Amino acid sequence: MKPEIENLLNSQIKYEAGASMHYLAMASWADSNGYNGIAEFFYMHSEEERLHMTKLVKFVNERGGTAKVPALEAPKSEFKGVNELFEEFLNSEVFVTEKINEIIYECLQHKDYNTHNFMQWYVSEQLEEEAMARTM
Ligand code: FEO
């Protein structure tokens with residue numbers, strides 16, 4: 001695996017891990033403020049992001065690279081209200097989509113068609129997640 005692609009995938013591992021923790025903090029805030037349905041949504045979504053992270057970890061290692069499990073800063077834990085949760089959710093998903101597009105671009109520059117193929121799953125997943133976040 002080319003070092004440039006490996007570095008980008010390791011950064012993506014960190015973004016997915018960060019999203020998972022961010023959504024967990026949002027779930028916890030909603031849970032302790034009486035928004036149980038919203039809490040369940042973010043607990044579930046936090047798990048999904050963890051799976052996105054793990055899928056990348058496995059792929060990097062399978063391709064002969066070294067996946068880096070990142071240190072993370074504590075996520076924000078206080079929110080003004082439910083609207084803020086959903087605004088942050090949308091912003092986070094838009095950010096992740098941008099980062100995935102950057103990886104796709106670099107894969108093509110480096111003719112890494114294996115990673116390009118693998119990343120198509122993330123492209124489809126992001127399309128759905130961003131659309132859902134926008135709707136919500
Ligand atoms: Fe894994 Fe919602 O981005």
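1. A helix here is a DSSP run of at least four residues, and helices are numbered from the N terminus. With that in hand, a good place to start is helix 4, where arginine 134 and glutamate 130 both lie, four residues apart, or about one turn of the helix. Please keep in mind throughout that this is a predicted model.

2. Those two residues form a salt bridge, with the closest N and O atoms 2.6 Å apart. Their surroundings are worth a look: arginine 134 counts as exposed at 52% relative accessibility, whereas glutamate 130 is buried, with a relative accessible area of 16%.

3. Helix 2 (residues 36-62) has a pair of this kind too: glutamate 47 and arginine 50 sit three residues apart there, about one turn of the helix. Their side chains meet in a salt bridge at 3.9 Å, N to O. Since the cut-off for a salt bridge is 4 Å, that distance is within it. Glutamate 47 is partly exposed at 47% relative accessible area, and arginine 50 is partly exposed at 40%.

4. Which side chain meets arginine 63 in a salt bridge? The partner is aspartate 112, at 3.6 Å from N to O. This pair links distant parts of the chain, 49 residues apart: arginine 63 is in the loop between helix 2 and helix 3 (82-109), and aspartate 112 is in the loop between helix 3 and helix 4 (113-135). Aspartate 112 is buried, with a relative accessible area of 7%, while arginine 63 is partly exposed at 27%.

5. To round off the charged pairs, Lys76, Glu84 and Glu88 are linked in a network of salt bridges. Over the whole structure, a search finds six salt bridges.

6. Now for the rings: the whole structure holds 13 aromatic pairs. One of them is the edge-to-face pair of tryptophan 29 and phenylalanine 79, at 5.9 Å centre to centre with 75° between the planes. Tryptophan 29 lies in helix 1 (residues 3-32) and phenylalanine 79 in the loop between helix 2 and helix 3, so the pair ties together parts that are 50 residues apart in sequence. Both tryptophan 29 and phenylalanine 79 are buried.

7. Phenylalanine 59 and phenylalanine 118 make a stacked pair, 3.8 Å centre to centre and 5° between the planes. This pair joins helix 2, home of phenylalanine 59, to helix 4, home of phenylalanine 118, across 59 residues of sequence. Both of these phenylalanines are buried.

8. Two last items to find in the viewer: Tyr23, Phe41, Phe42, Phe86 and Phe89 form one aromatic cluster, and lysine 55 lies over the face of tryptophan 121, 4.4 Å from the ring centre.

Notes: Residues numbered from 1 in each chain as written. Predicted model: local features only at pLDDT ≥ 70, side-chain atom pairs only at ≥ 80, totals over all residues. Heavy atoms only, no water. Helix = DSSP H or I, 4+ residues; strand = E, 2+ residues; numbered from the N terminus. Buried < 20%, exposed > 50% of the residue type's maximum accessible area, 1.4 Å probe, protein only. Phe/Tyr/Trp six-rings, centres within 6.5 Å; stacked < 30°, edge-to-face > 60°. Lys NZ or Arg CZ within 6 Å of the ring centre and 35° of its normal.
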